[in-house]
Every structure is written in structure tokens, then in C-alpha cells.
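Here is a colleague's note to read beside the structure, written as numbered points. Please keep the model open while you read, and look up each element as it is named.

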Amino acid sequence: MSEKATTRSIVQLDRGNLKRIRDVGIAIILLVIVVYSFNVSQVDPINLINGFGYTWQLLEKMYPPDTVSLPLYLSLIEDTIAMGVASTILGVIISLPMGFLMARNTAPGTVVYHVTRFLVTFFRTAPSMVWALIFVVSFGIGAVPGILGLTISTIGMLSKFYSEAIESIDPKPVEALNATGGHGLSVIRHAIIPQVTPIFTSYTLYTLDSNIRGAVLMGLVGAGGIGGQLLIQMNRFNYQNVSTILIMIVVLVALINRTSAYLRKGIIEGTIFKDSRRYLDYAIVIIGGVVCVAFLLVTQSDIDWGLFITGWGKTVWMLGKFSTISFTYFDSSIDLMKETIMMAIAGSVIAIIIAIPLGIAMARNLNKNMIVANSLREICNMFRAIPEMVLAIFFVAAVGMGPFAGVIAIALHSAGVLGEFYAGAIENIDSKPVEAIEATGASFAQRIRHAIFPQIWPIVNSNNLYILDRNIRDSTILGMVGAGGIGILLSQTFRMFYLEDAVQIIIVMVVTIAIIDSLSAYIRKRLV
Amino acid sequence: MLRVDKVKKSFNGREVLKGVSLNVKESEYVAMIGRSGSGKTTLVRMINGFVVPDAGTVSVKGVPINYRNSEELRQARKRIGMIYQLFNLVDRSTTIDNVLTGALGRKDRGFDLLSSSIGIFPREEKEKALELLKFVGLGERAYQRVDRLSGGEKQRVAIARALMQEPHLLLADEPIANLDPKTSKKILDLLRKVNEDKGITVITILHHLESVKDSFDRVVAMKEGTICYDGNIKDLQPNWMNDIYGTEDEEKEVMTLPRITANSTGRKQIA
């Protein structure tokens, strides 16, 4: 009685098998790359097991935290916050017009559009630390180069965010205003700005969060704030001071992260900036802004403004030196860039492996045990907030210099980011097919594979690629603290004023990052 | 083959099922109607274990359903298929992948469990899935993504998935509520074909009986948590439909239609 399937469907069945062979082939190639990356980064079971031991030893040396230097560290934290706030304010002021110039629907001409896009991409590609290094040479050590470095990378990030928001507005109010004879700035003021204010505010808050974290790192190249002290105490082996500083950094970063996330959620969900309490909210924002500026003026009263002026002269001199390139260290650049990429791959892969069970355990629709789910969430938040550089410093002290420390730092930080993301993706799935498959008598594992996995696979892969892309970018500077990769070459050439070599290194970095950025964007588009 | 015995269920203090009993024989083709909130879906979801009765029992083929033991629940669910109002398919996957998930319940030991948890199915299963797709009229669409199909086609995929389980019983929770009248008729015809060709017992929840009266023999009508009519569709008088569905401004508590129920031996009686 049963009919055999049609010939065409059998052919399709066999074609399905070919597709499977292709997928297996791709998987094997990726596996080979991953194994190679582990090899280059010295990741093997022995190192991993020893790593636990060394880490524990270091933690023991760091207890109890020192309290004597607390006042000094607190003032440095103030400086750090001030740097973050100042660079955000400056960045916002410049990015606002830039965003409009860069958006397809508001750019005043194709030349302007392309020039600003190029400039902003250039600002964004080089990590903020590189900018800070450049400015430290011109302006000397202190808060100013840090602020400038952060501002440049802020412009890179925020202008793009703003322009994307402007491009995705509802065009109808703009058309309506144009039809009544309005033009230019008044259209912007009345049709565009009201639409984008909430998301602009959200992006700005995110930038503030990111810049305070970045300001911590600025200190590592001498640009002021608590980062510098961290490195000094590390180098003097004063581990108890180190632990005080680390705790303060973690608390600061976690607090800012929480507040920013809370405010942003409120804006997106409409509970903040609601029409009914709009005036109250704007008042808060303005008062907040005034407080920030006052805070800055008070804490940064020791900025040497003379140096600020002469510094620009020095920058011009530096740019002059930059126009000549020396390829003396080109081979080392390539080698170390390769090491950087391999380190990032290894760290990202380990992060993914950790984050998968983590995400499943934190997903509230899979794990009904609230205590476990929430405490895991807290741990992830902590690792997410701690900058990779700080983790790298810690692990260089624990397991020694080299890419292995870098891999651990990347793995832990990214596991926090990815775990959170996976949990969110699982919580947002359509539960209907899950129930339907459960109704056929399928087991838990079968449900995950056939109902949950197909729904999240493309977006999980897309995000994994994005994280890999970000990690390659961030790993370029980990070498500055000894954690492997091209960073060490960069900081050395700067310190020795071999600026012509530094240019070559920066170009290698920027070009590699740009290539990987576009590759990753292309693949991600095809996935979803 | 299905025996529901005086089940009760309350949600948040509201009694949704007030002691319902029902018997369905092998290969019967049953329609279940009633207003929203009358308890139809709750009752049907008790059969495959998604709602746990506060009192009473449900037995399939003589085996009472043990709601507390997840392994026994799994075993019971293996031979009970279900299709849904919103189809409940995995949109990103292909048609055939969706149908193959129906075989998961049967692959519950050792190597089968391992291979199906990775996503590998033996060739016989794939050929069986293709046969079933041909049975429901979608033989040529096996490798298309489900989100490209129309509503009627999606419901057919869902039916093929349920058939993959080789079920004794097929439950249909408002399967045509999201479909236009013409497609609805086709789906009901398909369900009738499933019942006649394969001898599978089918219970279908419907919102409106009017347009589909010719498809069904037996009708079970629910009102406010009890069965108020259970019998042949030919004996159902049109004006009783008002009582089953009720009109908004009616305050009458008293039901005007005689209770006709079939007892376990199938003889009609007035309760």
C-alpha cells in the first residue's frame, strides 16, 4: 500500500548528502585552523592544568588587599572617571554633526559622505590605545593624551552609530516638512531629532560606559588614571596593592555597566523619557551634564594648558616623521600579527566552548533553578565588564609572558559576553515548535538539537564571528603588557621613538583589521 | 481506545473542567466544538500530558497516563500525534527536516538516540518521510524551507510530521483556525483521509461546525467545562448551536437542549 518516493525526491535526497559532505569539509578545515591556533598560542592540556596552579598561587599572594594606598587610588579613580566623561562629551559634540554628514539621507553631497565615512572608519579601526600612544609622545604623560585618544575612537564609534540611527528613521515626517517648504537645519531639528533622541541617548550612555572602561586602560600607556598604577605595582610585585586596584576597577566598571544598562533599557522600553515625565528627564540630563563638567574642572585643575598648546606642535612634527616608513621590522610585524590572530582564534574558540553550556544553564526557559541561573549571570557580567587588558596583566603575572596569557584573558572575557548572548538567544526562541517536538516524545537533547538549535544557529554563528572580529582587534594591544601578539612591537618602537617603524606596524595592524572586518561582515550577511 | 474519566481542572481558582468523561473508540473521527474557554483545549492537552488533571484519569489503549513519571509520559506521547493552530514548525528548517522530527520519539535507545541527537537519520526514515510528504501532497517540496510555504502547506507538513510517529491517535488543536475556507476544507479532507486510509483515531477541535458539518460523524460539544452534547452530527439541531456558543447578553444558566451522551457500550442515553 505504501508508495515509494518519486525519483526526483530521491535525487534531492542524494543532493542533500552532497551538501552534507560539503559541510563536513568546511568543518574539517576550520578544525585544522583551530588546532593550529592552539599550537601557536601554546595552549595544551599541560599548560592549562599548570595554569590553574599558578593562578591560585598568584591569588594567594594577592590576599589580603592593601588599604594604605586607598586614598591615592581613589583620586586616581576620580581621574579615570573624569577622563571617561570628558572624552564622551567631546566625542558627542563632534560625532553629532559627523553622524548627519555620514548618513545617506542627510549628507550634503557624495564627496562629504565618502570623506567622512573614510575618516571615521580610519578612527574606528585603530584601537584607542594606539591613538593614546601617539598622543603620549606629543603631549607627555598625563590625562590629556588619554582624553584625546578616547575621543578619537569615540568619534569613530559614535558617528557610525548616529549615522545608522539617522538612516533608519521614518521618512514620512521629513517628507511632510519638506513639502511645507522647510529645509535643511529646520527639518533636522523638527523631523529627525525627535525621532532619534532616545536611541542617541542610548548610544551615548553605552559610549560613556565604554570610555570609562577605556580610561582604565589609558593609564597602561602612561595616559593617566588608575591603569598606570596597576602596572607599577605589578612590576614591583606588590600583589596586595594590585588586588586593591583590581577590586576597585571591577567595582567601578560593574557599577557603571549596571547603571548604563538600566538607563538604556528604560529608554528603549519607554519608561524613561516618557512624554509624561519628559521635562523631569531632560532636567536630570542637563543637571547631570553640569555636574560632570564641574567634576572635570575640579579634578583636572592640574592640567598644564601650556603643554596642551605646544603638544599640537609636537603632533605635527610626529606626523611629519610618520610620512616616512621603515620596513626594518616588517618580518616581525607579520609574524606577530599572525600570532595575534591565532591568539584571538584560540581564545574565542575556548570562550565558545565554555559559553555553550553556560548559556544553556542561564536560559530561564531551560533552567528553572533561579539561583543557579542568576548567580551564573552575575559571574558572566563580571567577566564581561573587566577589560581584557586587565585580565591579561593578571595572567601574565600568573603564567608568564607569551600568548598563553593572552588566550586565557580573551577566553574568560569573551565567555562572559557570549554566555550572556547565548542565554538571551535561547530565551527569545519561538517555543511553539519546541512544544510540538516534545509532544512527539522527544528527549531533552533531541529537543535542543531539533527545535532550539535550528532557530538560533544563524544568529549564534553571526555573533561568534563578530566576537572573533572584535577579539582580533583587541588582541593587537595585549602584547603591550606581555601577553603575546604585535602589541609589544608597537609599544617598543614608540618608546624608542622609532616612529618610522611604528607607522609600518600601525599600517599592518589597520590593514589586517580592515580585511577581517569586511570578511566577517560579508560572511555574517550571508548567514542570516 | 481513549478513555477520559471524570477529569477536573482549575486554573487560578477558576474551574475549567468540571468532571468530564469521554470515550472514543478506535478509528473514530470526532469533532470537538465549543466556545473559547469551554475547556476543549485543556481537555485535549490532558491526553498528551501537557495539562495535569486535578482529579480523574485519562487512559490511552487501556494504559492510564502517569503524569508524574517523565519516562512513562514520553512513552505515551510516542504514539499520540498533535497538530496546532499555528502549525508549530521550525521555520528555518526544511520540510523534510521538520517531518523527520516526528521520528524522534521512536529513536530513544542507544545508538538511535545518539545519532538523532546529533541530527543524523537513517535512509529508511528519510524515505518514509518522503512517502508521507507525498501522501499529504507535498512530495515535490521536501527540501524547501518551511517559511516559504503557505498556511495550508505548513499544516500538511505538520500532519506529515505527526504521521511519522505512526500514531494510534491524532489530536488536532484548531487546525484550520488560521486558514481560509477553501484551504480549511482541503485540510479537513486530508484529516479524513488519514482517518480512513490509515485507521488512525482523530479528534479535531473546531471553532465553527457549520461549514464542516459534512466531514464529521461524531460531535462532542463542550460548554463551561462540561460536555453538553455527544453524539451523531445528524442529530444536532441547528438551534442548539446557540446554546453551545451562547449569545453575549443571555443570562440563562439553564441549558435548553437534552443531554445526549453515549456511555461506554456506545448506547445513547439521556443523562
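1. Helices (H or I, at least four residues) and strands (E, at least two) are DSSP runs, numbered from the N terminus. With that in hand, B:R74 can be placed in helix α2 of chain B, which covers residues 70-78. This is a predicted model, in which local features need pLDDT of at least 70 and side-chain atom pairs count only at pLDDT 80 or more, while totals for chains, interfaces and linings use all residues. Residues are numbered from 1 along each chain as its sequence is written, and chains are lettered from A and ligands numbered from 1 in the order in which they are written.

2. Is B:R74 buried, exposed or partly exposed? A residue is buried if 20 or more other C-beta atoms lie within 10 Å of its own, exposed if 12 or fewer, and partly exposed in between, with C-beta atoms placed from the backbone. B:R74 counts as partly exposed because it has 17 C-beta neighbours inside 10 Å. From C-alpha to C-alpha, B:R74 and B:L2 are 17 Å apart in space, and in sequence they are 72 residues apart.

3. Chain A has 20 helices and zero strands. Its radius of gyration (taken over C-alpha atoms, with a globule rule of 2.2 Å times the number of residues to the power 0.38) is 25 Å, which agrees with the value near 24 Å for a compact globule of 528 residues. Along the principal axes, the C-alpha atoms of chain A fill a box of roughly 95 × 70 × 50 Å, and 43% of the 528 residues count as buried. Among contacts (C-beta atoms, placed from the backbone, within 7 Å) in chain A with a separation of 6 or more, 77% join residues that are 24 or more positions apart.

4. Within chain A, helix α2 (residues 45-61) and helix α15 (residues 388-399) pack at an angle of about 105°, with their axes 8 Å apart. Axes are lines fitted to C-alpha atoms, for helices over the stretch in contact, and angles run from 0 to 180 degrees between N-to-C directions. Angles under 35 degrees count as roughly parallel, over 145 as roughly antiparallel, 65 to 115 as roughly perpendicular and the rest as oblique; α2(A) and α15(A) are therefore roughly perpendicular to each other. From α2(A), the residues making the contact are A:G51, A:Y54, A:T55 and A:L58, and from α15(A) they are A:A397, A:A398 and A:V399.

5. Turning to the two chains together, 27 residues of chain A are in contact with 32 residues of chain B. On the chain A side, α1 (7-40), α17 (431-439) and α18 (444-475) each supply at least two residues, and the largest share, seven residues, comes from α18(A). Ala, Val, Leu, Ile, Met, Phe, Trp, Tyr, Cys and Pro count as nonpolar, Asp, Glu, Lys and Arg as charged, and the others, Gly among them, as polar. By these classes, the side of chain A that touches chain B has 10 nonpolar, 11 polar and six charged residues.

6. Which way does α18(A) run against helix α4 (residues 110-118) of chain B? The two pack at an angle of about 30°, with their axes 8 Å apart, and are therefore roughly parallel to each other. A:A445, A:Q446 and A:R449 of α18(A) make this contact with B:S116, B:S117 and B:I118 of α4(B).

7. Chain B has an open sheet of six strands, in the order β6-β7-β8-β3-β9-β10, with mixed pairing; two strands pair if DSSP finds at least two bridges between them. Since β6 (80-83) and β10 (226-232) of chain B each have a single partner strand, they stand at the edges, so one side of each is left without a neighbour in the sheet. Strand β9 (residues 218-223) of chain B pairs with β10(B) in the antiparallel sense over six bridges, and B:K223 stands opposite B:T226 in β10(B). Helix α7 (residues 181-198) of chain B lies across β3 (29-34), β7 and β8 (201-205) of chain B, running at about 160° to β8(B).

8. A further open sheet in chain B has four strands in the order β2-β1-β4-β5, with antiparallel pairing. Strand β1 (residues 2-11) of chain B pairs with β2(B) over eight bridges, and B:R3 stands opposite B:N23 in β2(B).
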